[in-house]
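Visitor: I'm new to this structure and would like a close look at one part of it. Could you pick a buried spot and then show me what lies around it and elsewhere along the chain?

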Amino acid sequence: MPLCCAVVFAGRAMAAAAAPAAAPGLTPEQRDFMTWRFGMFLHFNLGTVADIDWAGGYEDPLLFHPDKLDCGQWADEAKAAGMTYLVLTVKHTEGMALYDSAVTTHDITMCKNFRGGHGDIVREFVDACRSRGLKVGLYYCFPGDFSDAAHHNAPPPGQPNLHGLPPEAIGDYVGFIKKQLAEMLTRYGPIDLLWIDQYENKYTDPHWPEIMAYIRSLQPQCIILGNNAHNLQDSDVLGFEYSWLQKLPAEGNRLPAEVCDPIQTGARWFWRKVEKPSDLQSAVEIVARLRLCLSRNANYLLDVPPDPEGLISGPQLQRLREVGVLIRATGGLTPPKD
């Protein structure tokens, strides 16, 4: 049997139980989120060129020069695959914001080989999404213990551990985070989803309710997602990082939820060169998990990382297109009935 036929046959064989009705008492924004269904995660930052998922902040920013950057290509490929929203890693564990931040020099301006240090990838990203009718999601990572020998990114001798934030944040993590969140939520128009990683970290966890309230004061209609949050007090959405937890929402779930998962295997989120078939999940595996998530009222956020040149390319792109073909061949994605 040809591969394309095998993929379609396997897709049709999947169980496609209808999602249960949403729970009462949800906000209009939460109910809307539950109709998004399928999204694209975009891990793209210094980790892309450092070949590491946990960059520590001392990587060479001159290596980051995505000369073919095309956020429109990301959005077009996402839409062709049936996705409705995108989430970009504006600041990951390296602490470098993908825009010119007024509160630090540890941002895109360090990347002198990319548009002379005057780039704004966040602006290009949000414009590309909106021009194609896609929801806009921005990711921001809170502090943590990300830099050590175990993560292969220990600080250089004599240099401080940045804990995932710029040097200017030392001594006032909460104040600094608020300033950068304010930039993200006032410069770029309405943001549909703010995706917060490590919200339960030991450095700022007691201040999370205060930070959530601050976010709502800036954009009341923005969905706040705390990664791996399992209640609707800490997050507007239940979060499941599948490659780490290996868990999904319970059968019969009626609450807004999201499962994030990388297209690459080995829990690898930033781009890596694909050298063997097992470096990627198969299209059948991805679509099966997508449909299982949808049957449990959970959106599925598939990470498809751009390459160092700023494009979704090579085997990652081919696999994403195979996913789109399989979805279309097996009936598409039907929104849940309320």
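**A proline and its surroundings**

Guide: Let's begin at Pro256, which touches Leu26, Gln30, Phe33, Met34, Leu232, Asp236, Val237, Leu238 and Asn297, once residues up to four places away in sequence are set aside. Touching, or contact, means heavy atoms within 4.5 Å. This is a predicted model, in which local features need pLDDT of at least 70 and side-chain atom pairs count only at pLDDT 80 or more, while totals for chains, interfaces and linings use all residues. Residues are numbered from 1 along each chain as its sequence is written, and side-chain values use heavy atoms, with hydrogens and water left out.

Pro256 sits in the loop between helix H8 (242–245) and strand E7 (257–262). Helices (H or I, at least four residues) and strands (E, at least two) are DSSP runs, numbered from the N terminus. Pro256 counts as buried because its relative accessibility is 0%; buried means under 20% relative accessible area, exposed over 50%, and partly exposed in between (1.4 Å probe, protein chains only). The chain also brings a distant stretch to this place: Thr35 is 221 residues away from Pro256 along the chain, yet their C-alpha atoms are separated by 9.5 Å.

The next stop is Asn228, in the loop between strand E5 (223–226) and strand E6 (238–241). With a relative accessible area of 14%, Asn228 is buried. Its side chain reaches the backbone nitrogen of Glu241 at 2.9 Å. Glu241 is also among the contacts of Asn228, together with Gly239, Phe240, Trp244 and Leu245, leaving aside neighbours within four places in sequence. The backbone of Asn228 has a positive phi of about 65°, although this residue is not a glycine.

Arg115 shares that backbone feature: it is not a glycine, and its phi is positive, at about 50°. Arg115 belongs to the loop between E2 and H5. Its relative accessibility is 42%, so Arg115 counts as partly exposed.

Glu94 lies in the loop between E2 and H5 too. At 1% relative accessibility, Glu94 counts as buried. Beyond its neighbours within four places in sequence, Glu94 is in contact with Asn45, Leu46, Ala55, Gly56, Gly57, Glu59 and His106. The C-alpha atom of Glu94 is 9.8 Å from that of Asn153, a residue 59 places away along the chain.

His106 turns up again around Pro166: apart from neighbours within four places in sequence, Pro166 is in contact with Gly95, Thr104, His106 and Phe176. You can find Pro166 in the loop between strand E3 (135–141) and helix H6 (173–187). Pro166 counts as buried, at 1% relative accessibility.

From these loops we can turn to a helix. In H4 (residues 71–80), 7 of the 10 residues are buried, so this helix is largely enclosed by the rest of the structure. Those buried residues are Cys71, Gly72, Gln73, Trp74, Ala75, Glu77 and Ala78. Their cover includes strand E1 (38–42), strand E2 (85–91), helix H5 (121–131) and H10.

The meeting of H4 with H10 (residues 314–329) deserves a closer look: their axes come within 9 Å and cross at roughly 30°. Axes are lines fitted to C-alpha atoms, for helices over the stretch in contact, and angles run from 0 to 180 degrees between N-to-C directions. On the H4 side, Gln73, Glu77 and Ala80 meet Leu317, Leu320, Arg321 and Arg328 of H10.

Both ends of H4 have something to show. At the N-terminal end, Asp70 caps the helix, with a side-chain oxygen 3.0 Å from the backbone nitrogen of Gly72. Just after H4, Gly82 takes a positive phi of about 95°.

Finally, a word on confidence. The chain has an average pLDDT of 93, and 94% of the residues score at least 70; pLDDT is the predictor's confidence in each residue, from 0 to 100. Residues 1–16 stay under 50, and the model has 17 contacts for them beyond four places in sequence. Where pLDDT is low, the predicted coordinates should not be read in detail.

Key: A polar contact is a pair of N or O atoms within 3.5 Å; within protein, one must be able to donate a hydrogen and the other to accept it, and residues adjacent in sequence count only if both atoms are side-chain atoms.
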